[in-house]
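Colleague: I am preparing this model for a first-year class. Please take a close look at one part of it, the surface, and explain how that part relates to the rest of the chain.

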Amino acid sequence: MDIDHSTLHDLNIFGRIEAETVLHLLNYTRTVDGKETLRQMFSEPFGTVEEIAASQQIIKAFIEVLPHFPETITNGTLMVLDKYYGAPVR
């Protein structure tokens with residue numbers, strides 16, 4: 001799905017007053033990268049029903065394991081995980 005700047009403005013996805021935007025209302029991220037990913041998702045919405053359904057399944061899976069997640073995940077934790085998963089397999 002293509003979305004133009006005027007539509008984003010009309011829907012107040014990203015506005016001049018951040019506290020009044022849809023992004024702000026739905027932003028429960030805890031990291032800079034998380035917020036940027038959310039912003040990108042709003043900028044480039046899914047184009048097919050299958051993509052929407054797949055995303056819903058991922059969110060459902062996260063909701064089911066959410067009680068087992070630590071209370072705080074910092075940028076430092078994410079950097080360590082990124083290095084760990086990016087390391088070559090021996």
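Modeller: A definition is needed to begin: accessible area is computed by the Shrake-Rupley method with a 1.4 Å probe. By that method, the chain has an accessible surface of about 8,000 Å², and carbon and sulfur atoms account for 61% of it. Please keep in mind that this is a predicted model. Its mean pLDDT is 81, and 89% of the residues reach 70 or more.

The setting comes next. The chain contains five helices and zero strands, so its pattern along the sequence is written α-α-α-α-α. Of its 90 residues, 9% are buried. Contacts also link distant parts of the sequence: among those with a separation of 6 or more, 42% join residues that are 24 or more positions apart.

On the surface itself, I58, F62, V65, L66 and F69 form a nonpolar patch of about 460 Å². One of these residues, I58, belongs to helix α4, which spans residues 49–65. I58 has a relative accessibility of 51% and therefore counts as exposed, because the exposed class begins over 50%. Helix α4 is also where confidence in the chain is highest, with a mean of 91. At the other extreme, confidence is lowest in helix α1, residues 5–10, where the mean is 69. Where pLDDT is low, the predicted coordinates should not be read in detail.

Two further exposed residues deserve attention. A search of the whole structure yields one aromatic pair. It consists of Y84 and Y85, whose ring centres are 5.0 Å apart and whose planes meet at 80°, so the arrangement is edge-to-face. Y84 is exposed at 58% relative accessibility, and Y85 is exposed as well, at 65%.

What does a buried residue look like by contrast? T21 is an example, because its relative accessibility is 3% and the buried class covers values under 20%. T21 is placed in the loop between α1 and α2, the latter being residues 22–26. From T21 to H9, twelve residues away in sequence, the C-alpha to C-alpha distance is 9.6 Å.

Between these two classes lie the partly exposed residues. H24, in helix α2, is partly exposed because its relative accessible area is 37%. Leaving aside residues up to four places away in sequence, H24 touches E18 and A19. The C-alpha atom of H24 lies 9.8 Å from that of R39, although the two residues are 15 apart along the chain.

D4 is a second partly exposed residue, with a relative accessible area of 44%. Its place is in the segment before α1. Here the separation in sequence is 40 residues, yet the C-alpha atoms of D4 and E44 are 9.7 Å apart in space.

For the class, then, three residues may illustrate the three classes of accessibility. I58 is exposed at 51%, H24 is partly exposed at 37%, and T21 is buried at 3%.

Conventions
Residues numbered from 1 in each chain as written. Predicted model: local features only at pLDDT ≥ 70, side-chain atom pairs only at ≥ 80, totals over all residues. Heavy atoms only, no water. Patch = residues over 30% accessible without salt bridge, like charges linked within 9 Å, V, L, I, M, F, W, Y side chains within 5 Å. Salt bridge = Lys/Arg side-chain N within 4 Å of Asp/Glu carboxyl O. Helix = DSSP H or I, 4+ residues; strand = E, 2+ residues; numbered from the N terminus. Buried < 20%, exposed > 50% of the residue type's maximum accessible area, 1.4 Å probe, protein only. Contact = heavy atoms within 4.5 Å. pLDDT = per-residue confidence, 0-100. Phe/Tyr/Trp six-rings, centres within 6.5 Å; stacked < 30°, edge-to-face > 60°.
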